[in-house]
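Here's an informal walk through a protein you may not have met before. Have a look at the picture first, and then we'll go through it piece by piece.

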Amino acid sequence: MKPTLWTRNFTLIILATAMGSIGGIAGTFALSFLVFDETGSTLASTLVVSIQLIPYFIIPLVFSPLMDRLPRKPFLVGGDIINGVLYLLAGIYLMKFDFTYTGYLGFSLLISSLSAFDQMAYNSIYPRLIPKGMEDKGYSVSSMLYPIMRMTVMPLAAVLFETIGVAWMLVLQGCMSLLAAAIESHIRIVESSLMGNSRFSFKMWWSDICEAARYIKQEKGLRTIYSYLAVANGLQEGYAPLLVAFFRTFPGYTAAMYSFVNAVQFAGRLVGAICRYSIPVPPKKRFKFTFWIYQIYQTMDITVLWLPYPLMLINRCAYGFLGVNSATMRRAAVQRYIPDHLRTRVNAFESILLTATGSILSLTIGAMGEIMDYRMCMTFFGAAVMVLSWLVMWRNRSHVSAVYEKE
């Protein structure tokens with residue numbers, strides 16, 4: 001029988017991801033505008049982003065060794081159930097009480113804590129649900145899925161935001177999370193405990209942390225990739241409140257126009273993911289292909305807010321197309337490279353590094369947005385990331401290429 005990517009387990013995880021994405025896109029859109037409308041501050045908006053990142057620093061460090069020793073599916077299913085219940089309660093709360101910024105910060109911290117568990121479980125279990133030898137196609141599908149959801153849900157979210165309001169959109173997100181959990185519960189995977197007859201202890205935790213640290217220390221290629229991503233992704237997170245503020249304050253721009261900018265960007269990502277699914281890149285060319293995408297990518301960030309709206313749409317569409325190609329290739333290469341018994345802990349290291357850097361950079365950009373023109377802010381930081389790509393990625397290209405070229 002010819003091998004197929006679309007096994008029962010892979011189909012179920014993709015369907016569950018789709019359900020979760022629908023609710024998450026609509027809820028995030030509504031909350032991002034709610035926070036800015038209530039506070040009128042980019043710094044307040046980026047503070048929310050930073051608060052949400054805190055659990056992604058603490059929880060992976062504390063719990064990743066345990067998750068490498070225990071089955072991951074219960075974490076995945078349980079996380080979505082609790083997440084769904086909390087969003088339902090949040091929606092009901094907003095129907096009866098007024099928005100409070102302090103309360104929202106606390107809610108964001110709680111939700112992010114649960115999401116950190118879910119993300120660790122998902123990133124660890126997903127490679128095991130992809131048939132061997134089909135990693136590039138598997139990650140192309142997951143990269144393709146979110147753009148499809150974003151492209152279709154974002155315009156609808158803008159309409160729902162103006163009609164039914166934030167509270168009902170949070171109720172929708174809660175229902176979608178519960179549906180995702182129900183689908184994930186039907187995944188069939190054999191996962192054994194590596195605890196043996198021992199009880200998990202601080203000594204065992206420390207031993208597992210040291211094992212992962214030794215592995216990362218000897219893998220310069222992975223460290224280089226993670227270092228660059230920490231800065232690049234951190235700035236991307238900081239750009240989001242700037243874009244919301246720009247479209248909310250610049251004459252002639254609206255929330256609906258912002259939603260279409262996001263929609264065309266994810267349309268570009270969809271086309272890019274289809275190309276990655278259909279057209280393989282030879283292993284020897286993967287790194288150079290990715291590196292030159294980074295150069296074009298940052299040029300687009302530098303220029304996007306200076307363009308008239310039609311060219312802005314073209315910019316974001318191309319941005320999405322190129323970005324998903326580089327991201328899909330990197331994710332498949334890195335997860336293929338990491339040994340399965342270390343995957344959760346090494347992914348946790350990436351999460352901690354990205355979170356710590358992202359928190360600092362998001363707050364920095366938010367503070368700069370209070371005193372600088374939004375366009376100048378994005379231009380400056382986009383140029384900084386371009387310089388960094390040469391100083392870090394290109395300088396260590398022999399080590400990074402080894403990660404990308406592994407079969």
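## Starting in the middle: Phe247

Let's begin with one residue and see who its neighbours are. Leaving aside anything up to four places away in sequence, Phe247 touches Tyr253, Thr254, Met257, Tyr258, Val261, Tyr309 and Met312. Keep in mind, here and below, that you're looking at a predicted model.

Phe247 also shows up in a bigger group. The largest nonpolar core has 99 residues, and Phe247, Ile13 and Met312 are the ones that touch the most other members. Helix α9, which covers residues 220-249, gives this core its largest share, with 15 residues. Apart from that core there's another one, made of 5 residues, including Tyr297, Met300, Tyr319 and Leu322.

## The big picture

Now zoom out. What does the secondary structure of the protein come to? The tally is 15 helices and 0 strands.

The C-alpha atoms fill a box of roughly 60 × 50 × 45 Å along the principal axes. For 407 residues, a compact globule would have a radius of gyration near 22 Å, and the protein's 21 Å agrees with that. Of those 407 residues, 56% count as buried.

How are the contacts spread along the chain? Take the contacts with a separation of 6 or more: 90% of them are between residues 24 or more positions apart.

## Surface and charge

The protein exposes about 18000 Å², and 69% of this comes from carbon and sulfur atoms. As for charge, there are 34 positive and 22 negative ones, and their mean positions lie 10 Å apart.

## Two leucines

Leu178 sits in helix α7, residues 166-184. Is Leu178 buried or exposed, or partly exposed? With a relative accessibility of 30%, Leu178 counts as partly exposed, because buried means under 20% and exposed means over 50%. Not counting residues up to four places away in sequence, Leu178 touches Asp80, Ile81, Gly84, Val85 and Leu88. Take Gly84 from that list: the two residues are 94 apart in sequence, yet their C-alpha atoms are 5.2 Å apart in space.

Leu361 belongs to helix α13, residues 343-371. Its relative accessible area is 17%, so Leu361 is buried. Setting aside residues up to four places away in sequence, Leu361 touches Ala230, Val231, Gly234 and Leu235. For another distance, try Leu361 and Thr152: they are 209 residues apart along the chain, and 30 Å separates their C-alpha atoms.

## An arginine and a glycine

Where is Arg69 found? Look in helix α3, which runs over residues 55-69. Arg69 has 18% relative accessibility, so it counts as buried. Between Arg69 and His341 there are 8.2 Å from C-alpha to C-alpha, with their positions 272 residues apart in sequence.

Gly78 has its place in helix α4, residues 73-96. A relative accessible area of 25% makes Gly78 partly exposed. Gly78 and Arg199 are 121 residues apart in sequence, and in space their C-alpha atoms are 22 Å apart.

Definitions and conventions. Residues numbered from 1 in each chain as written. Predicted model: local features only at pLDDT ≥ 70, side-chain atom pairs only at ≥ 80, totals over all residues. Heavy atoms only, no water. Helix = DSSP H or I, 4+ residues; strand = E, 2+ residues; numbered from the N terminus. Rg over C-alpha atoms; globule rule 2.2 N^0.38 Å. Buried < 20%, exposed > 50% of the residue type's maximum accessible area, 1.4 Å probe, protein only. Contact = heavy atoms within 4.5 Å. Areas by Shrake-Rupley, 256 points an atom, 1.4 Å probe, with all protein chains shown as cover. Lys, Arg positive; Asp, Glu negative; His and termini not counted. Charge placed at Lys NZ, Arg CZ, Asp CG, Glu CD. Core = buried A, V, L, I, M, F, W, Y, C linked by side-chain atoms within 4.5 Å.
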